[in-house]
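Had a look through this one and jotted down a few points for you. Have the viewer open while you read.

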Amino acid sequence: MASAPSTAHLSNLRFHEITSAICRTIHPSTSLTVLTANNLSPKTQGWSISDSSALYGLDRWGDGYFSINQQGHINVHPKGLKTESLDLMELVNELEGRNLKLPLLIRFDDILEDRLKRLHAAFDNALHQYNYQGNYQGVFPVKCNQKRYVVEELVSCGRQWHFGLEAGSKAELLIALSLIDDPQALIICNGYKDQRYIETAILARQLGRQPVVVIEQADEVERIILASREIGAAPLIGLRAKLSSRSIGRWGTSIGATAKFGLSVPDILKTIEKLRAAQLLDDMKLLHFHVGSQINDIGILKDALQEAGQIYVELSRLKAPMGYLDVGGGLGIDYDGSRTASAASTNYSLQNYANDVVATIKECCQANGVKMPTLVSESGRSIASHFSVLVFNVLGTSAVSSHTPTQLVDECLPVHNLRETLSEIRTISKDSEIDISQLQEAWNDAIKFKDDVLSAFRLGYVGLVERATAEQLTWACAKALLEHLPSDAKIPAELKTLRSALAGTYYANISVFRSAPDAWAIQQLFPIMPIHRLNEEPTQLGHFADLTCDSDGKLSSFINNGSTKPLLELHEMSNDKEYVIGMFLVGAYQEVMGNLHNLFGSTNAVHVRLNANGSYQLDHVVRGNTKSDVLEAMEHDPEQLLERLRIASESAIQNGTLKISAAQRLMEHLEGSLHQSTYLHR
Ligand SMILES: *Cc1c(COP(=O)(O)O)cnc(C)c1O
């Protein structure tokens, strides 16, 4: 894999053709026929939906938003209530019926709203429980998901709590300033800031907004002073502290002496004196810190809170008016449902988090006689992960063939020996105590005989057919051995690899680089599971390969209750039926980080809302990139590309190598395809 492709070109994209506010009410009952057709396979004896539930763990990571229904489909509970649900498979079928083909990104706006509700409820509880003399007022970090309908939705749902936005760049600031028109909501301005960024914030304050310019670099204070002189007004000022508390995990370097952002304590003191000298100290209102995304261990946060609390107290003593303490982002997601401090999980709940923030800051302020600040958090991941589900179909599978090949006449000795080995393995009793060394010996024999056949092939003594027979027999041995192997840790390493050697590759109609870039870039785990057939036992083990011609374009690490597994339990595919997989918790960071590797563009996206009567409506349909879009993003002119081919086919017609009808067919394929999705159709 070459270096990470730049995302700069994305700005050139005519991103989508937006068909907004379709607002069509569709009753679930309309697709009943599709449902039964999909559900022909009888429930496997001894396998129930609760087995699937346990296997894929959706009760553990789903946070009440997902379950499995009697038809073996995933049910989505957009408001987190068991009583209201949407059948995800049914929804997909209906969307496909409306020409919104897979892969699809389905955004449940009710979930987004519910996340906001839960966040505010958790802080409300904590404020009451600890009798905190102040409020909580959150902001959403725009960088987590900048999509128009997502930010708009958050702003409109968040109005009741004066929920604000956090911007990390000038472009994000434009979104925040324009969308937030609630004079009480905060607009936190983070990131690198030049003079214009700061001037914009000052002017927006005069417009009636509340932007807080957070000083992240020591030299920013000079620019704030200059800009304030220039305009004759000051911005609201914040300060980001570089904490020295311990940190771990993927984003652990966000704090500590080498962190990219924040002021060390000596720099904080200098900054305060400069602001005082410039008579701007009265606008110093907020202390900010951010320990990094996805805090796994609550202990890290507790330490940071204590340190930040003390700095807050000291700033008050230095006569900065203060009033806000912003604890940054980092509120984690339990991707694997293990409730542990492992990378894909958190050892705390949302309520634990809110309690710790409130209790620690209260204690600190109370002990020092300082007025308790309004608490601000910048939770992105925790708000935006659950509401998006990426749904994709599998185009086909491949696996090594482990069927027993028919006997050839005059089979050579090593092939004959392989057959013998296979029947020996098959006669080992499954009831008696398993003798691992006997299994290992059988496998060693099989490998030796296969190698003998390969040597004979190289020397020209056996032909292709016999070689193929030997390979197939070896895999048949492996398969037979697996049936005897216990699934515990005592198995020798060599035998353990058998399982993955026999596993199937499921070809997924997505680009990992486009739709789940963190799965590739930082090995992030997302829950992945079929969204139907969950009343059937998944008899296969497999991993996913995506559409790109890149060996990194795969999904081969799956959640496993605190650890990972390289293979996922999947169903056997039948050619004529679609097999549909969901990738969950993908609402944060994935869309904007995704890139156009191999020119796979964005997928179709839909915003779904549940209606009171149990039906749903599509609030927005955002068309994915067409081939024309992605070609233009690379500075190609699609029309010119077509024109060159038109000329080439004209001369091929002249030369008699291409029939007119064939030329026409070629041009039809190319032209039609330009305005279609970059993904494959079954
Ligand atoms: C990225 C970022 C956030 C969001 O972090 P999450 O872990 O998504 O909650 C908040 N604040 C700052 C300063 C950030 O850089």
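**Notes on the ligand site, rings and a small sheet**

1. Starting with the ligand: 16 residues surround it, and those that come nearest are K143, S293, E378, G380 and Y589. Bear in mind throughout that this is a predicted model.

2. Which atoms make the polar contacts with the ligand? K143 puts a polar side-chain atom 2.7 Å from a ligand oxygen, while E378 has a polar side-chain atom 2.5 Å from a ligand nitrogen. The backbone joins in too: a polar backbone atom of R381 sits 2.9 Å from an oxygen atom of the ligand. On its own the ligand would expose 390 Å², and the protein buries 92% of that.

3. On to the aromatics. Searching the whole structure turns up 14 aromatic pairs. One of them is Y192 with F261, with ring centres 5.2 Å apart and planes at 55°. That pair counts as tilted because its angle falls between the 30 and 60 degree limits for stacked and edge-to-face.

4. What does the Y192 and F261 pair tie together? Y192 is in the loop between β9 (187-189) and α8 (195-206), and F261 is in the loop between β11 (236-240) and α10 (265-277), so the contact joins parts 69 residues apart in sequence. F261 has a relative accessible area of 17%, so this residue counts as buried, the cut-off being under 20%.

5. There is also a ring cluster worth displaying: F392, Y506, F544, F558 and Y579 are linked through ring pairs.

6. Two charged side chains sit over ring faces. K193 lies over the face of Y197, 5.9 Å from the ring centre. For R467, the ring is F457, and the distance to its centre is 5.0 Å. If you care about borderline cases, note that the distance cut-off here is within 6 Å, with K193 at 5.9 Å.

7. Last, the small sheet. It is open, has 3 strands in the order β3-β4-β5, and its pairing is antiparallel. Why is one side of β3 and of β5 left without a neighbour in the sheet? Both β3 (66-68) and β5 (86-87) stand at the edges with a single partner strand each, so nothing in the sheet flanks their other side.

8. Within that sheet, β4 (residues 74-76) pairs with β5 in the antiparallel sense over 2 bridges. To find the register, look at N75, whose bridge partner in β5 is D87. A pair of strands needs at least two bridges to count, and β4 with β5 has 2.

Note on methods. Residues numbered from 1 in each chain as written. Predicted model: local features only at pLDDT ≥ 70, side-chain atom pairs only at ≥ 80, totals over all residues. Heavy atoms only, no water. Phe/Tyr/Trp six-rings, centres within 6.5 Å; stacked < 30°, edge-to-face > 60°. Helix = DSSP H or I, 4+ residues; strand = E, 2+ residues; numbered from the N terminus. Buried < 20%, exposed > 50% of the residue type's maximum accessible area, 1.4 Å probe, protein only. Lys NZ or Arg CZ within 6 Å of the ring centre and 35° of its normal. Near = heavy atom within 4 Å. Polar contact = N/O pair within 3.5 Å; in protein donor to acceptor, adjacent residues only side chain to side chain. Areas by Shrake-Rupley, 256 points an atom, 1.4 Å probe, with all protein chains shown as cover.
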